[in-house]
Amino acid sequence: MMRARRLAVFIGLLVASFSEAVAAETLVVEAALDRRVVAPLLDAFERSHPDIELRFHDRSTLEVDTLVERADPAPDVVISSAMPWQMARVNQDYARPLRSREARAWPDWAKWRDEVFGFTFEPIVMAYRLDLPRHMMPPSTHADLHTLLTTRQDMLRGKVTTYSPARSGVGYTLFQQDARYTPRFWDLVAAMGNVDARLEENTRAMLQGITEGRYWLGYNLLGSYAMVWAQHHPEVIVQVPQDYSLVMMRMVFIHRDAPHPRRAGEFVDFLLSREGQRVLAGQTPLFSVRPDVSGPYTA
């Protein structure tokens, strides 16, 4: 009887140790995605996967892209809005395929080789100060913006901001897509140059400048960040261009050297799942891709 009790205690200790080891398993996500914006989605994942400790690092697109190659150990999951850079890393064989049900069902236009997945659908916007109409008619189209830049140069000099295509992966992507959509984009670039437009590395810096009054107009901001900012800063007005609007997708892949590939797969599956996309559509301004999801933020 005593041996049986000792054996039971020993087995119990083993089980407890194993449970602690499982509970301590850590999933590292390197992301160019503001944690405050995506927090509801991360919280929902942690509630549904209490055995995973999620370490979400919010970095710039350049930092994330560098870590894909240089991080040791490698991250489990990589998320970025710099779509060409994500595609390039996947084509350099840095991604591990995900062959789950969610991955197979994901729209073909929003994935590549079952290795990288676009899981958000975010409009690109303009933003301006609330008091701008006292000086000029706010732009609602790209043509309106060009007119202002060419007719109000003195007033707008140093007061316009946009992404730096040299220092930001998403900035480079947006310039590339604008130029692909219309050749008149280069007229707009020239007009921004003539008013000494200030180039920033991220949307937050542009919004901060508008709030502080250093900038009056911002071009090609991430709509997800701008909408959240405007909710708490009424001096900032967000305008979705009425002639055409670019859309940016956050792209996610599992690193080929992920320390926890199975857990990484569970995380990506959650991003693609109806449950995860419902959180995106209802609790974040990141916009859901899935057509079977309803909410204020849907494609």
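This tour of a predicted model goes from a pair of helix crossings to the nonpolar core and ends at a strand residue.

Begin by selecting helix 2, residues 35–48, together with helix 12, residues 261–272, whose axes come within 11 Å of each other and cross at roughly 125°. Because of that angle, helix 2 is oblique to helix 12, and the crossing in which helix 2 passes helix 12 is right-handed. To see where the two helices meet, show the side chains of L41, L42, A44, F45 and S48 on helix 2, which face E266, F267, F270 and L271 on helix 12 across the contact. Coloured by class, this contact of helix 2 with helix 12 comprises seven nonpolar residues, one polar residue and one charged residue.

Keep helix 2 in view and add helix 13, residues 274–283, in which the buried residues are G276, Q277, V279, L280 and A281. These buried residues of helix 13 pack against both helix 2 and helix 12, so that selecting the three helices together shows the setting of helix 13.

Now turn to the pairing of helix 2 with helix 13, where the axes come within 9 Å and cross at roughly 150°. An angle over 145 degrees counts as roughly antiparallel, and helix 2 is therefore roughly antiparallel to helix 13. Here too a right-handed crossing is found, as helix 2 passes helix 13. Select P40, L41, A44 and S48 of helix 2 with E275, G276, V279, L280 and Q283 of helix 13, since these residues make the contact. By class, the contact of helix 2 with helix 13 divides into five nonpolar, three polar and one charged residues. L41, A44 and S48 of helix 2 take part in the contact with helix 12 and also in the contact with helix 13.

The next selection is the largest nonpolar core, which has 84 residues, and in which V29, I79, F119, L149 and F267 touch the most other members. F267 was already met on helix 12, among the residues in contact with helix 2. In soluble globular proteins, nonpolar side chains tend to be buried together. Centre the view on V29 and, leaving aside residues up to four places away in sequence, display the residues that V29 touches, namely L54, R55, F56, H57, V77, I79 and F267.

Finish at E53, which lies in strand 2, residues 53–58. With a relative accessibility of 34%, E53 counts as partly exposed. From E53, a C-alpha to C-alpha distance drawn to A299 spans 31 Å in space, while the two residues are 246 residues apart in sequence.

Key. Residues are numbered from 1 along each chain as its sequence is written. This is a predicted model: local features need pLDDT of at least 70, side-chain atom pairs count only at pLDDT 80 or more; totals for chains, interfaces and linings use all residues. Side-chain values use heavy atoms; hydrogens and water are left out. Axes are lines fitted to C-alpha atoms, for helices over the stretch in contact, and angles run from 0 to 180 degrees between N-to-C directions. Helices (H or I, at least four residues) and strands (E, at least two) are DSSP runs, numbered from the N terminus. Angles under 35 degrees count as roughly parallel, over 145 as roughly antiparallel, 65 to 115 as roughly perpendicular and the rest as oblique. A crossing is left-handed if the near helix is turned anticlockwise from the far one by less than a right angle, and right-handed if clockwise. Contact means heavy atoms within 4.5 Å. Ala, Val, Leu, Ile, Met, Phe, Trp, Tyr, Cys and Pro count as nonpolar, Asp, Glu, Lys and Arg as charged, and the others, Gly among them, as polar. Buried means under 20% relative accessible area, exposed over 50%, partly exposed in between (1.4 Å probe, protein chains only). A nonpolar core is a set of buried Ala, Val, Leu, Ile, Met, Phe, Trp, Tyr and Cys residues joined through side-chain atoms within 4.5 Å.
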